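Biologist: I would like to go through the salt bridges here and hear the reasoning behind each label. Please show the structure and begin with the terms.

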Amino acid sequence: VSPVTLAEASLEMLETEGRRLNAVVTLAREQALERARAAEAEIRAGRYRGPLHGIPYGAKDLLATRGLPTTWGAEPYRSQQFDDDATVIAKLEKAGAILTAKLAMVELAGGMGYNEARASLTGPCKTPWNTDFWSGGSSTGPGAAVAEADPRGEVVALAVVGLDAFDAEAQHPLGLLAPPGLGVRRREVDGRTGAHPPARDPRLAAGAADEVPGGRPRGVVGGR
């Protein structure tokens, strides 16, 4: 399957099923298709970067992404943008992964508590298996996006990147909670949080985990 085909399918599902679940904040359609075309050309030319090359993914909207809003799930930051990518985003881009969307989260990563499901810029993110329930926790959008599939078996997101200290195993079918030092320990909230790359396929999760470790020259949440 070509990277362009994968990106187009992912974007379609994000626009339909992802929006239905309130899992999507921002679609990166133009950026994703441009990078997918570039990835396809590189792979055909024999410049294969590895297992993430050409694979679409979504990122929790806590992560800084150059050229796209980073809302932190809160209305006051709806238009906030950073000049640089967070380190984890830069590493995945270097590996050839293709960012298709910024995904929903509880406002300020739950810094004001988890008592209100509606405390999110996009409203309550719904659990794919029963939309009467809230998907819960901080990484509501990443959890819902990687778990949802339509009747044809097509998934909203093949892989996502979330940031949580405690809810990876609770929310994600293949959640990987990063141990301290997985390249991206966040300095802004409580110092206990790492990035985790849940995915529909454990090989994708493993590939993302291989790319993330290392220093954090630009941090995680902010661009510096």
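Modeller: Buried means under 20% relative accessible area, exposed means over 50%, and partly exposed is in between. The model is predicted.

Biologist: What makes Glu 93 partly exposed?

Modeller: Its relative accessible area is 26%. That value falls between the cut-offs of 20% and 50%, so the label is partly exposed.

Biologist: Why is the contact between Arg 35 and Glu 93 called a salt bridge?

Modeller: The closest N and O atoms are 3.6 Å apart. The cut-off is 4 Å between a side-chain nitrogen of Lys or Arg and a carboxyl oxygen of Asp or Glu, so the pair qualifies. Arg 35 lies in helix α2 and Glu 93 in helix α3, so the bridge ties together parts 58 residues apart in sequence. Arg 35 is partly exposed, at 25% relative accessibility.

Biologist: How do you know that Glu 40 is buried and Arg 44 is exposed?

Modeller: Glu 40 has a relative accessible area of 13%, and buried means under 20%. Arg 44 has 69%, and exposed means over 50%. These two also form a salt bridge, with the closest N and O atoms 3.2 Å apart. They are four residues apart in helix α2, so about one helical turn separates them.

Biologist: What makes Asp 61 and Lys 102 a salt bridge?

Modeller: The N to O distance is 2.8 Å, and the cut-off is 4 Å. Asp 61 sits in the loop between β2 and α3, and Lys 102 in strand β3, 41 residues apart. Both residues are buried.

Biologist: How many salt bridges does the structure hold?

Modeller: Eight.

How values were computed:
Residues are numbered from 1 along each chain as its sequence is written. This is a predicted model: local features need pLDDT of at least 70, side-chain atom pairs count only at pLDDT 80 or more; totals for chains, interfaces and linings use all residues. Side-chain values use heavy atoms; hydrogens and water are left out. Helices (H or I, at least four residues) and strands (E, at least two) are DSSP runs, numbered from the N terminus. Buried means under 20% relative accessible area, exposed over 50%, partly exposed in between (1.4 Å probe, protein chains only).
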